[in-house]
Amino acid sequence: MKIGLDIMGGDFAPQATILGAIAAYKELSADQQLVLIGDKDIAVAILKENNFNPDYFEFVHTTEVIGMAEHPARAVVQKADSSISVGFKLLKEGAIDAFSSAGNSGAMLVGAMLSIKAIPGVLRPAITSIVPKLDGTLAILVDVGANADCKPEFFPQFGALGSLFAQYVYNIKNPRVALLNIGEEEGKGNVLSQAAYPLMKESKLFNFIGNVEGRGLFEDVDVIVCDGFTGNVVLKFAESFYEVAHKKGIKDDFFDMFNYEQYGGSPILGVNGPVAVGHGISTPEAIKNMIVLCKNMVESSLVDKIKSAFQ
């Protein structure tokens, strides 16, 4: 297994990404190799500063970087030798089995769609994130930003993607899938929610349990479906729980679970290859866990499971 890592992506790259790669190396088996994509000279220098043998990694040297503020589509097309563009080229060619980056998330989504493309039958790939639950387990929130504007027919597909991810990567048996709404009753919600509900109810691809209100996110469900605009707001609000608790000096196991570093990155589900996007402010710990997520996605054959479901 070869996992590609964009070492130039993220606010603290390449220092944080290289240190994260070192940490991840210690958790990978002998047949699992990291491929570092970016400026090799800088990477080797950082590795040597940390007394780590560069020979433990494979390198693919690139000369360009897509900045966090650049226009995603334009940058992917114009910067063919950027770490993100090259990473997707390697994934498409089968030179790596998964690709991860904490860089420009829009460029990661565009790169995935232009190179490895969406799985046949998938209308819109989606990005997921983790929602901690009071019992110590996790729920999956989908979509969290890939699709700010949605059509009703996207929602049952989000439910299927999230359910497969929860089942095969996080080992949640028969995941309970719910539609995020302003009330639990079937007729509640805006026009989009009301149109999506019967489509989700009719789907045979997942265990739909109906609507869930915001207060039920942390205990009642395993997969929460919503449009990307709503999901991103929920995600950022949830992430603030850990920050607020930390600033207030509150030490609590539940609030600690909202620390994004524990989960590393978010998968782009519905494309023809395992792809993970990390937070722009990713630390070495977050980078390490993003790499581990990629490993788990490959080992679970998640992409093949999604292909089979959408045939």
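How do the residues of the lining of the largest cavity divide into nonpolar, polar and charged? Here they come to eight nonpolar, two polar and no charged. The legends below walk through this and other close-ups of a predicted model.

**Figure 1. The largest cavity and its lining.** The structure has one cavity of 30 Å³ or more, and the space in the largest cavity is about 30 Å³. Its lining is made by Ile268, Leu269, Gly270, Val271, Gly273, Pro274, Val275, Met297, Val303 and Ile306. Look for strand S10 (265-269) and helix H11 (302-309) in this view, since each of them supplies at least two residues of that lining.

**Figure 2. The largest pocket, with about 620 Å³ of space.** Five elements give two or more residues to the lining of this pocket: helix H5 (105-114), strand S5 (126-132), H8, S10 and strand S11 (275-278). Among the 35 lining residues, those nearest the centre of the pocket are Leu235, Glu239, Ser266, Val277 and His279. Helix H8 gives the most to the lining, with seven residues. Sorted by class, the lining of the largest pocket has 19 nonpolar, 14 polar and two charged residues.

**Figure 3. The second largest pocket, with about 170 Å³ of space.** Around this pocket you will find Phe155, Leu180, Asn181, Ile182, Gly189, Asn190, Leu192, Ser193, Gly214, Cys226, Asp227 and Thr230. By class, the lining of the second largest pocket divides into five nonpolar, six polar and one charged. Two of the residues named here return in later views: Ser193 is a lining residue of this pocket, and so is Cys226.

**Figure 4. Gly228 in helix H8 (residues 228-247).** Is Gly228 buried or exposed? Gly228 counts as buried because its relative accessibility is 1%, under the 20% cut-off for that class. Leaving aside neighbours within four places in sequence, Gly228 is in contact with Asp143, Val144, Gly145, Asn147, Ala148 and Cys150. For a sense of distance, pick out Ser193 as well: Gly228 and Ser193 are 35 residues apart in sequence, and their C-alpha atoms are 13 Å apart in space.

**Figure 5. Cysteines without a disulfide.** The count of disulfides comes to zero. Why does Cys150 have no bond to Cys226? The closest cysteine sulfur to that of Cys150 is in Cys226, and at 8.3 Å it is too far for a bond, because a disulfide needs the two sulfur atoms within 2.5 Å. Cys150 itself counts as buried, with 15% relative accessibility. Cys294 also counts as buried, at 0% relative accessibility.

**Figure 6. Helix H1 (residues 15-25) and what covers its buried residues.** The buried residues of H1 are Ala16, Thr17, Ile18, Gly20, Ala21, Ile22 and Ala24. Their cover includes strand S1 (2-6), strand S2 (33-38), helix H2 (40-49) and helix H10 (284-299). While you are in this region, have a look at Pro14, in the loop between S1 and H1. The peptide bond joining Ala13 and Pro14 is cis, with omega at about 0°.

**Figure 7. The cis peptide bond from Val142 to Asp143.** Omega for this bond is near 10°. Where does Asp143 sit? Asp143 belongs to the loop between strand S6 (138-142) and helix H6 (154-168). Asp143 is also one of the contacts of Gly228, so this close-up pairs well with Figure 4.

**Figure 8. Positive phi at Asn174 and Ser301.** For Asn174, phi is near 45°, a positive value in a residue other than glycine. Asn174 lies in the loop between H6 and strand S7 (176-180). With 53% relative accessibility, Asn174 counts as exposed, because that class takes in values over 50%. Ser301, also a residue other than glycine, has a positive phi near 55°. The loop between H10 and H11 holds Ser301. Ser301 is partly exposed, with a relative accessible area of 31%.

Definitions and conventions. Residues numbered from 1 in each chain as written. Predicted model: local features only at pLDDT ≥ 70, side-chain atom pairs only at ≥ 80, totals over all residues. Heavy atoms only, no water. 1 Å grid on protein atoms, 1.4 Å probe; cavity = no way out; pocket = protein on both sides within 12 Å on 5 of 7 lines; lining within 4 Å. Points joined across faces, edges and corners; volume = space filled by probe spheres on them. Helix = DSSP H or I, 4+ residues; strand = E, 2+ residues; numbered from the N terminus. Nonpolar A, V, L, I, M, F, W, Y, C, P; charged D, E, K, R; others polar. Buried < 20%, exposed > 50% of the residue type's maximum accessible area, 1.4 Å probe, protein only. Contact = heavy atoms within 4.5 Å.
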